[in-house]
Amino acid sequence: MLESRFRKFLFLVLMIAVSIGSVAAQSISKPRRAKASAICGNPTARCISSVTFEPNDLPFRIPKNAVIFDTELFYAVILKSVAASDDDCNTFVSEPERITAQALFPDRKVFTSRCYEPGNLFYTNISDKHRIMAVYAGTTLAESKRALEAVKATGKFPGAYVRRMRTGFNGT
């Protein structure tokens, strides 16, 4: 009988130890990062977002009430880059030039960066001293290489290259 009580006691102690260990492990686990937003890289497909994008923007899904939100990493083929100073908001690739490039890639969004201001999109991995025109090239390196081949096949953008980046929105 004493041995039976001891086994029950030992079992209870063991169960408490396992429970405490489980709770401790949960409290030291890494916090989860908010899921990054998906790019709407095909201009012919509908993009459901709480924000209205400018024609030159690379649209992505932004949930309601989002203030600052960024996208998943993606690849872009940089078609053109123009030099501009940090505070020069009048230098960028023109909209007619973007539209001409867009006609070459009807199922891949051609986008341009502008001077960053709240309410506009920002693009990472681009110098503040340059504005770009790029075509969305997907989320994988293999897809970006195929997009670069398609760009080079046009013969219109001889200096084109692939860049990995994010875009984001600051609605403050």
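Strand S2, residues 74–83, is mostly covered, with seven of its 10 residues buried. The model described here is predicted. S2 pairs with two other strands, S6 and S5. A search of the whole structure finds two disulfides, and the largest pocket holds about 250 Å³ of space.

**Strand S2 and its partners**

- S2 runs antiparallel to strand S6 (residues 161–165), and five bridges join the two.
- Within this pairing, alanine 76 stands opposite arginine 163 of S6.
- S2 also pairs with S5 in the antiparallel sense, over seven bridges.
- Two of the residue pairs between S2 and S5 can be named: valine 82 has arginine 131 as its bridge partner, and serine 81 has isoleucine 132.

**Strand S5 and strand S3**

- Six of the seven residues of S5 are buried, so this strand is largely enclosed by the rest of the structure.
- S5 pairs with S3 as well, in the antiparallel sense and over three bridges.
- In that pairing, valine 110 stands opposite valine 135 of S5.

**Serine 113**

- Serine 113 is placed in the loop between S3 and S4.
- Serine 113 counts as buried because its relative accessibility is 4%, and the cut-off for buried is under 20%.
- The side chain of serine 113 reaches the backbone nitrogen of isoleucine 132 at 2.8 Å.
- Isoleucine 132 is also the residue in S5 that serves as bridge partner of serine 81.

**The disulfides**

- Numbered in sequence order, the bonded cysteines of the protein chain pair as 1-2, 3-4.
- One disulfide is formed by cysteine 40 and cysteine 47, with their sulfur atoms 2.0 Å apart.
- The torsion about the S-S bond of cysteine 40 and cysteine 47 is about 60°, so this disulfide is right-handed.
- Cysteine 40 counts as buried at 8% relative accessibility, whereas cysteine 47 counts as partly exposed at 24%.
- Another disulfide joins cysteine 89 to cysteine 115, with an S to S distance of 2.1 Å.
- Cysteine 89 lies in the loop between S2 and helix H2 (95–104), and cysteine 115 lies in the loop between strand S3 (110–112) and S4, so the pair ties together parts that are 26 residues apart in sequence.
- Cysteine 89 counts as partly exposed, at 30% relative accessibility, while cysteine 115 is buried, with a relative accessible area of 10%.

**The largest pocket**

- Rolling a probe the size of a water molecule over the atoms shows where empty space is left.
- The space in the largest pocket comes to about 250 Å³.
- The pocket is lined by 13 residues, and the closest to its centre are Arg114, Tyr116, Ser127, Asp128 and Arg131.
- Strand S4 (121–123) and strand S5 (130–136) are the elements that give two or more residues to the lining of the largest pocket.
- S4 gives the most to this lining, with three residues.
- By class, the lining has six nonpolar, three polar and four charged residues.
- Arg131, among the residues closest to the centre of the pocket, is also the bridge partner of valine 82 in the pairing of S2 with S5.

Terms used. Residues numbered from 1 in each chain as written. Predicted model: local features only at pLDDT ≥ 70, side-chain atom pairs only at ≥ 80, totals over all residues. Heavy atoms only, no water. 1 Å grid on protein atoms, 1.4 Å probe; cavity = no way out; pocket = protein on both sides within 12 Å on 5 of 7 lines; lining within 4 Å. Points joined across faces, edges and corners; volume = space filled by probe spheres on them. Helix = DSSP H or I, 4+ residues; strand = E, 2+ residues; numbered from the N terminus. Nonpolar A, V, L, I, M, F, W, Y, C, P; charged D, E, K, R; others polar. Buried < 20%, exposed > 50% of the residue type's maximum accessible area, 1.4 Å probe, protein only. Pairing = 2+ DSSP bridges. Disulfide = S-S within 2.5 Å. Polar contact = N/O pair within 3.5 Å; in protein donor to acceptor, adjacent residues only side chain to side chain.
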